[in-house]
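User: I am new to this structure and would like to learn how its features are read. Please give the general idea each time, and then the case at hand.

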Amino acid sequence: MGVTLRFSKYRNKQRSTCATPLRPTVQPLLQALLQSVVDFEKCEAQIAIKFVSGDPNFQVQADGTVTVKNHVKLRTQRKFQVVAYDEKTEVSSTTVILKKEHVHHRQIKSSRADEIKVYYSITGRGADSQPVGLFVMEKSTGWLNVTRPMDREEIPSYTIFVYAVSASGVSLETPIEILITVTDQNDNRPYFTQSVFEGEVAEGSMPGTSVMTVEALDKDDAVTVNNGIVAYSITSQEPQLPSSKMFAIDPETGVISVLQTGLDHEKYPQYTLVITATDQEGAGFETHGKAVILVTDTNDNPPIFDPLTYRAEVPENSVGFEVTRLTVTDEDTPNTDAWRAVYKIIKGNEANVFGISTTSDNMGLLTTVKGLDFETKKEYVLLVTATNKANFSVALPTSTATVTVIVTDVNEAPVFDPIEKRVSVSEDLPSGQEVASYTAVDPDKVQNQKITYYIGLDPPLDG
């Protein structure tokens, strides 16, 4: 035969200050069945009585029985009024006082106790094995007593066996097994699993974006009662900008998420939250922790040219010549892809004579990739854009700059046309006779220079 006893550290006891003693009908093993009868018939109330409890956790039945409406744990004495009404008129009132009462014993009785003297004894954990002596049984009465406080977090249950014998030692009953379950009391505070929780979220994140998860544990029971069930909340936030409630936390899971728009890395790169974990689903002991949230940079600021216009002179025929350096400003974090500029010539370079690249200090280096010809084109007007290596995280305008390139004239040598000319002459051509006419053209038409001819090489005739 198995018997299950549930030992609790306390039992609720209640009484009334009504002039006539109340009839207690307490069932201490289940707190939810706590009852007490308030007898208003002897306190002037006679007929058509309606009872109203001053404590919302308790209600009074039509017969005056006080019952528990919500789960209640008594840490200290609890007192509340019960008022009796005849229609709308108060006819009487009483005070119900609930107190704690220690319960440390139960009685086991043999079915043959009325026939013969019975002697009781126990074995098992907490009796004759460690922790020895926690439970003792009165030999002649069968009262099972607890000798010292128990800790559910150390040992949640005990199994003992009860023996009943006669004075001569003859067994009178089959030994019965008793399972003693230690019911939990909320005697442990929750604790966070980390001293500081760290997380990050991208700036500009929308409400509902998950940031991080915090966790708190509680050694108390979270299965049969709610002592170990933790509820989370955010106590404070620094800085309190642009709003004092930028984040929210799920009270059950500990997931922290974005509550409002306005996260800006450049203005508020970090938030520190004081988080609270409260056991009994938010009604018990609490503890505090810290969560640090870094707001990471996204490309939400475009590079902007400063200045917007440039003017440079380039000598003709120069390849790889540095035309100018363009500069931009960007409010994103330096040396990141959101800050690194990418330059592009979008107009004026149809002949592909210019190129542009990004320097180590984020400037746009404009150079010639082909030689320019003053006589062909004396001026170029280039339109240059600047974006970033990282894509824009939001819709942003693209900054443009105008570069005017003036090609300067260089004194170029005349050019024979054709470069090589062959002529035939007779072997007996007299001296002073014209052999051929060979003219050169000066590319520098604007300069209008005089061309002078001379023989650069006159090899001797063979023979």
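Analyst: Let us begin with burial: a residue is buried when its relative accessible area is under 20%, exposed when over 50%, and partly exposed in between, using a 1.4 Å probe and protein chains only. By this measure, both Arg-152 and Asp-184 are buried. Please note that this is a predicted model, in which local features need pLDDT of at least 70 and side-chain atom pairs count only at pLDDT 80 or more, while totals for chains, interfaces and linings use all residues. Residues are numbered from 1 along each chain as its sequence is written, and side-chain values use heavy atoms, with hydrogens and water left out.

User: What percentage of the residues in the chain is buried?

Analyst: Of the 463 residues in the chain, 38% are buried. The accessible surface, computed by the Shrake-Rupley method with a 1.4 Å probe and with only the protein chains shown counting as cover for residues, comes to about 27200 Å² for the chain. Carbon and sulfur atoms hold 51% of that surface.

User: How many helices and strands are there in the chain?

Analyst: Helices (H or I, at least four residues) and strands (E, at least two) are DSSP runs, numbered from the N terminus. The chain has one helix and 35 strands.

User: How is a sheet read from such strands?

Analyst: Strands of a sheet pair through backbone hydrogen bonds, either parallel or antiparallel. Here two strands are said to pair if DSSP finds at least two bridges between them. One open sheet of four strands follows the order β26-β33-β32-β29, and its pairing is mixed. Its edge strands, each pairing on one side only, are β26 (309–315) and β29 (341–347). Direction ignored, neighbouring strands of this sheet are turned by 30 degrees against each other on average; the axes behind such angles are lines fitted to C-alpha atoms, for helices over the stretch in contact, and angles run from 0 to 180 degrees between N-to-C directions.

User: Which strands of this sheet run parallel, and which antiparallel?

Analyst: β26 and β33 (residues 399–408) run parallel and are joined by seven bridges. Ala-312 has Val-405 of β33 as its bridge partner. Val-405 is also the bridge partner of Tyr-380, and the strands β32 and β33 run antiparallel with eight bridges between them. β29 pairs with β32 (residues 379–388) in the antiparallel sense over six bridges, where Val-342 stands opposite Thr-387.

User: How does one read a hairpin, for instance that of β6 and β7?

Analyst: One looks at the two strands and at what joins them. β6 (residues 58–60) and β7 run antiparallel with three bridges, and Gln-59 stands opposite Thr-67. Four residues lie between the strands, and Gly-64 takes a positive phi near 90 degrees in this hairpin. Along β7 (residues 65–68), Thr-65 and Thr-67 point one way while Val-66 and Val-68 point the other way, and all are buried.

User: How many salt bridges are there, and how are they recognised?

Analyst: Side chains of opposite charge can pair when their charged atoms come close. The rule asks for a side-chain nitrogen of Lys or Arg within 4 Å of a carboxyl oxygen of Asp or Glu, and the count comes to six. In one of them, Arg-78 meets Asp-55 at 2.8 Å, N to O. Arg-78 belongs to strand β8 (residues 78–86), whereas Asp-55 is in the loop between β5 (49–53) and β6, 23 residues apart. Arg-78 counts as partly exposed at 24% relative accessibility, whereas Asp-55 is buried at 8%.

User: Which residues does Arg-152 meet in salt bridges?

Analyst: Arg-152 meets Glu-153 at 3.0 Å, N to O, and Asp-184 with the closest N and O atoms 3.1 Å apart. Arg-152 lies in the loop between β13 (143–146) and β14 (157–165) and Asp-184 in the loop between β15 (176–182) and β16 (191–192), so the pair ties together parts 32 residues apart in sequence. Through shared partners, Arg-152, Glu-153 and Asp-184 form one network of salt bridges. Arg-152 has a relative accessible area of 16%, while Glu-153 counts as partly exposed at 24%.

User: What is Pro-269 in contact with, leaving aside its neighbours within four places in sequence?

Analyst: Contact means heavy atoms within 4.5 Å. Pro-269, in the loop between β22 (255–258) and β23 (270–278), is in contact with Asp-264, Ile-293, Leu-294 and Val-295.
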